[in-house]
Amino acid sequence: MQECVIVGRPNSGKTVFAIQFAHYMGAKSVDITAKSPDNLLTCRHYTIEEAKRELCSNTCHKTRSLQSMIIKMTVGKAQVLFKLTDTCGLTEEIHSDPAIRYGMAQTLRLMRTANLILHMIDVSQRSDILHKEETIDREIYHYGITRKFYIILANKMDLPIAKQGFGQLKSNFPSALIVPVSALYNHGLGEVKSYVACNI
């Protein structure tokens with residue numbers, strides 16, 4: 001089964017996007033399989049609202065391990081299944097919590113094997129963040145453009161400051177396809193679906 005992985009900084013909107021994208025595809029509920037640091041797999045069933053309430057938070061590193069769901073997508077007259085995997089947020093520094101370090105290592109390993117990489121960037125952040133030469137987003141970008149299927153999702157476009165950030169993002173990451181989205185309000189999910197449908 002083809003796998004699509006969502007990567008990016010903590011609190012960039014990865015988990016919200018994953019749940020909203022599943023809902024956009026027609027899911028009323030999701031079965032999410034998590035892989036713990038000791039390789040234990042657990043699966044939980046959530047309604048969409050339960051998943052948003054229990055899995056999404058403004059707390060940094062709420063997601064500490066891989067969280068996967070199987071999504072059904074209509075492509076032409078066919079039904080296609082693919083795995084969508086949410087990940088632990090990546091940072092420049094080595095985190096003091098072993099569980100978070102393991103979650104980051106899981107994320108990096110999965111980036112090497114996933115069929116498609118969705119790179120989530122919060123464009124409502126301060127403009128100087130996008131100008132720094134050494135950032136985790138820039139490292140993901142440089143790796144992503146070497147892969148066949150890689151796309152940047154410029155998230156939080158519903159916020160007023162995001163328009164400026166989106167322009168800076170396009171200037172600083174010129175070799176990537178960039179889609180403006182608001183995971184919270186489902187903006188841009190149709191464009192993401194079209195890209196995934198063509199490349200998964």
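1. Start with D137. D137 is buried, at a relative accessible area of 6%. This is a predicted model, so read every value below as computed from predicted coordinates. The D137 side chain meets that of R9 in a salt bridge, 3.3 Å from N to O. The two residues come from distant parts of the chain, 128 residues apart. R9 sits in the loop between strand 1 and helix 1 (14-24). D137 belongs to helix 5 (residues 136-144). R9 is partly exposed, at 22% relative accessibility.

2. The R9 and D137 contact has a further member. R9, E92 and D137 are linked in a network of salt bridges. The structure holds 6 salt bridges. Side chains of opposite charge can pair when their charged atoms come close.

3. Next, K156 and D122. K156 forms a salt bridge with D122, with 3.2 Å between the closest N and O atoms. This pair also links distant parts of the chain, 34 residues apart. K156 is in the loop between strand 7 (150-155) and helix 6 (162-172), while D122 is in strand 6. D122 is buried, with a relative accessible area of 7%. K156 is partly exposed, at 23%.

4. E54 and R44 make another pair. Their closest N and O atoms are 3.3 Å apart, and they form a salt bridge. E54 lies in helix 2 and R44 in strand 3 (residues 41-47), 10 residues apart. Both ends are partly exposed: E54 has 32% relative accessibility and R44 has 44%.

5. Strand 1 deserves a look. Strand 1 (residues 3-8) is mostly covered, with 6 of its 6 residues buried. How are its two faces covered? E3, V5 and V7 are buried on one side, and C4, I6 and G8 are buried on the other. In a regular strand the side chains alternate between the two faces of the sheet.

6. Which strands pair with strand 1? One is strand 5 (residues 78-86), in the parallel sense, over 3 bridges. Here E3 stands opposite K83. Another is strand 6 (residues 116-122), again in the parallel sense, over 5 bridges. There V5 has I117 as its bridge partner. Strand 6 also carries D122, the acid that pairs with K156.

7. How many disulfides does a search of the whole structure find? The count is 0. A disulfide is a covalent bond between the sulfur atoms of two cysteines. Take C60 and C88. The closest cysteine sulfur to that of C60 is in C88, at 8.7 Å, which is too far for a bond. The cut-off is 2.5 Å. From the other end, C60 holds the closest cysteine sulfur to that of C88. The surroundings of the two are worth checking: C60 is partly exposed, at 45% relative accessible area, whereas C88 is buried, at 0%.

8. Check the backbone at H61. Its phi is near 65°, a positive value in a residue other than glycine. Most residues other than glycine have a negative phi. H61 lies in the loop between helix 2 (48-55) and strand 4 (66-75). Is H61 buried or exposed? H61 counts as buried, at 7% relative accessibility.

9. N186 is another case. N186 is not a glycine, yet its phi is positive, at about 70°. N186 lies in the loop between strand 8 (177-180) and helix 7 (189-199). N186 counts as partly exposed, at 30% relative accessibility.

Notes:
Residues are numbered from 1 along each chain as its sequence is written. This is a predicted model: local features need pLDDT of at least 70, side-chain atom pairs count only at pLDDT 80 or more; totals for chains, interfaces and linings use all residues. Side-chain values use heavy atoms; hydrogens and water are left out. Buried means under 20% relative accessible area, exposed over 50%, partly exposed in between (1.4 Å probe, protein chains only). Helices (H or I, at least four residues) and strands (E, at least two) are DSSP runs, numbered from the N terminus. Two strands pair if DSSP finds at least two bridges between them. A salt bridge is a side-chain nitrogen of Lys or Arg within 4 Å of a carboxyl oxygen of Asp or Glu.
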